[in-house]
Amino acid sequence: MENHEQPELGKTNLELMKNYEGICIGNKEKKYVYLTFDEGYEAGYTEKILDTLKEEKVQAVFFVTAHYINTAGDIVQRMIDERAHTTVIIL
């Protein structure tokens, strides 16, 4: 992004960012939302999330642990096969 500036966050969000020492930098002309999911164990939600992302044609990033790969390999394979998502493996 060329104009690395803080976009308008609104009073409440600005206060939250200040209280938690957050950083928000982006492009004021283009609005992006980055969806990320941390996958350390399977609680039964991931396939529903994948279904919704596919239906809505939305991409996401999944961070998965080695344990998750070993216990939910079929879901990780789906993430890879659908090619709509980035899967980051943390060993």
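In this structure, which is a predicted model, the side chains of Arg78 and Glu82 meet in a salt bridge, with 2.6 Å from N to O. Both residues belong to helix H4, and because they are four residues apart there, about one helical turn separates them. Glu82 counts as partly exposed, since its relative accessibility is 22%, and the limit for a buried residue is set at under 20%.

Arg78 also takes part in a second contact of this kind, for its side chain meets that of Asp51 in a salt bridge of 2.5 Å, again from N to O. This pair links distant parts of the chain, as Asp51 lies in helix H2 and Arg78 in helix H4, with their positions 27 residues apart in the numbering. Asp51 has a relative accessible area of 35% and is therefore partly exposed, whereas Arg78, at 18% relative accessibility, counts as buried. The structure holds two salt bridges, and through the partner that they share, Asp51, Arg78 and Glu82 are joined into one network.

It is worth turning next to the helix that carries Arg78. Helix H4 runs over residues 73-82, and its buried residues are Ile75, Val76, Arg78 and Met79. When one looks down the axis of H4, these buried residues fall within an arc of 155°, so they line one face of the helix. What lies over them? Among the elements that cover the buried residues of H4 are three strands, E1 (36-39), E2 (61-65) and E3 (86-90), together with the helices H2 (46-55) and H3 (66-71). Helix H2 thus appears twice in this account, because it helps to cover the buried residues of H4 and also holds Asp51, the partner of Arg78. Just after H4 the chain reaches Arg83, a residue that takes a positive phi of about 55°.

Another part of the structure can be approached by asking where space is left open. Rolling a probe the size of a water molecule over the atoms shows where such empty space remains. The largest pocket holds about 260 Å³ of space, and 13 residues line it. Which of them lie nearest its centre? These are Pro7, Asn27, Lys30, Lys31 and Tyr32. Taken by kind, the residues of this lining divide into seven nonpolar, four charged and two polar, and the two lysines named above, Lys30 and Lys31, belong to the charged group.

Note on methods
Residues are numbered from 1 along each chain as its sequence is written. This is a predicted model: local features need pLDDT of at least 70, side-chain atom pairs count only at pLDDT 80 or more; totals for chains, interfaces and linings use all residues. Side-chain values use heavy atoms; hydrogens and water are left out. Buried means under 20% relative accessible area, exposed over 50%, partly exposed in between (1.4 Å probe, protein chains only). Helices (H or I, at least four residues) and strands (E, at least two) are DSSP runs, numbered from the N terminus. The arc is that of the directions from the helix axis to the C-beta atoms. Contact means heavy atoms within 4.5 Å. On a 1 Å grid over the protein atoms alone, a cavity is a set of points where a 1.4 Å probe fits but cannot get out, and a pocket is an open set with protein on both sides within 12 Å along at least five of seven lines; lining residues have an atom within 4 Å of a point. Grid points are joined across faces, edges and corners, and a volume is the space filled by probe spheres set on the points. A salt bridge is a side-chain nitrogen of Lys or Arg within 4 Å of a carboxyl oxygen of Asp or Glu.
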